[in-house]
Amino acid sequence: MSSNSSSPLTGAADRAAATTAGRPAGQRGAIRLHNVSQRYGTGADAVTAVGPVDLDVPPGEFLVLVGASGCGKSTLLRLIAGFEPATVGDVEVSGGAPVPGVTSGVVFQQPRLFPWKTVGGNVDLALKYAKVPKSERAARRNELLERVGLDDTAHRRIWEISGGQQQRVAIARALAAETSLLLLDEPFAALDALTRERLQEDVRAVSSDNGRTNVFVTHSADEAAFLGSRIIVLTKRPGRVALDLSSTLPRTGVEPEELRGSPEYAALRAEIGAAVKEAAVA
Ligand code: ADP
Ligand code: MG
């Protein structure tokens, strides 16, 4: 996952245009939440998980949603993915209602792969779902695997590879559909610290491809500070926006180690950490 050239996302704009036909061109990858609340259950069992939330995310942003466990992060992501409709308010992606698998790709905490298939087979399946012509699939699969640093792993079975490698396959699979929006729900939470840092670095590098929008959910202030071009801290349930920060850390041209060692990163991480703590008790 090193070079930016020969990206598998070449042609992504065309494909995104095809899958989001009828949506305003300038809005591809944009997210708009207007007065959104999400409630579960009825009567005495009713729980408001999220809201009200207003949110405007321009295309190309790397937005990190951070907050304590149970504050509604996954709920917000599901609304943006279109997995469930909002109880109250409007959710718009690329200028229209979100459609699962069309307006966004999703990476979950568990990779959710087909264990009996090979690494390549899992990506092939995603390409098939994304309606990539059969004649193009092998080349695109290889490009995607190279992009996530798994080029020599295509023939291995899922149960033969590590948890970190499995999560890389899940990222390759989510990239296969070439959506203009990628949603990631604590994708590295189950990984050891070293693997997690490497994957963070790779996701940060890949995120600048093609102006794709990313929404990344985490409860870690470190992860939020390292990854986000914008960081939103959520209150405890029902999740609302407690803090909305723009990061001034450079997106490219800086070594990860240098970034992690910089006073700017330390200051941002401390600010986010304090806000998460405060929001959890407020
Ligand atoms: P987070 O991802 O920040 O840990 P969630 O979005 O998963 O939080 O959950 C927020 C709150 O909403 C939690 O209290 C959770 O129990 C509740 N919740 C989430 N999904 C459902 C559901 N389908 N039915 C009932 N309650 C739910
Ligand atoms: Mg969650």
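How many Å separate the centres of domain 1 and domain 2, taken over C-alpha atoms? The answer is 25 Å. Keep in mind throughout that this is a predicted model.

**Stop 1: the two domains**

Select residues 26-104 together with 182-280 and colour them as domain 1. Give 113-178 a second colour; that is domain 2. Domain 1 is thus written as two segments of the chain, and domain 2 as one.

Now look at where they meet. Ten residues of domain 1 are in contact with nine of domain 2. On the domain 1 side, pick out helix H6, residues 193-206. H6 gives the most to that side, with four residues. Colour the domain 1 side by class: seven residues are nonpolar, two are polar and one is charged.

**Stop 2: H3 against H5**

Move into domain 2, residues 113-178. Select helix H3 (residues 119-129) and helix H5 (residues 163-176). Their axes come within 8 Å and cross at roughly 20°. An angle under 35 degrees counts as roughly parallel, so H3 is roughly parallel to H5. The crossing is right-handed.

Show the side chains next. From H3, take Val119, Asn122, Val123, Ala126 and Leu127. From H5, take Val169, Ala172, Arg173 and Ala176. This contact has seven nonpolar residues, one polar and one charged.

**Stop 3: H3 against H4**

Keep H3 and add helix H4, residues 134-147. Here the angle is about 120°, and the axes lie 10 Å apart. H3 passes H4 in a right-handed crossing.

Which residues of H3 meet H4? They are Val119, Gly120, Val123, Asp124 and Leu127. Across from them, H4 brings Arg137, Arg140, Arg141, Leu144 and Leu145. By class, the contact of H3 with H4 divides into five nonpolar, one polar and four charged residues.

Val119, Val123 and Leu127 deserve a label: they are listed in the contact with H5 and also in the contact with H4.

**Stop 4: ligand 1**

Finish by centring on ligand 1, which 13 residues surround. Label the closest: Tyr40, Ala49, Lys73, Ser74 and Thr75.

Which elements each supply at least two residues of this shell? Select strand E2 (47-57) and helix H2 (73-81). H2 gives the most, with three residues.

Colour the shell by class as before. Seven of its residues are polar, four are nonpolar and two are charged.

Technical notes
Residues are numbered from 1 along each chain as its sequence is written. Chains are lettered from A and ligands numbered from 1 in the order in which they are written. This is a predicted model: local features need pLDDT of at least 70, side-chain atom pairs count only at pLDDT 80 or more; totals for chains, interfaces and linings use all residues. Domain bounds come from an automatic or database domain assignment. Two residues are in contact if their C-beta atoms, placed from the backbone, lie within 7 Å. Ala, Val, Leu, Ile, Met, Phe, Trp, Tyr, Cys and Pro count as nonpolar, Asp, Glu, Lys and Arg as charged, and the others, Gly among them, as polar. Axes are lines fitted to C-alpha atoms, for helices over the stretch in contact, and angles run from 0 to 180 degrees between N-to-C directions. Angles under 35 degrees count as roughly parallel, over 145 as roughly antiparallel, 65 to 115 as roughly perpendicular and the rest as oblique. A crossing is left-handed if the near helix is turned anticlockwise from the far one by less than a right angle, and right-handed if clockwise. A residue is near a molecule or strand if its C-beta atom, placed from the backbone, lies within 6 Å of it.
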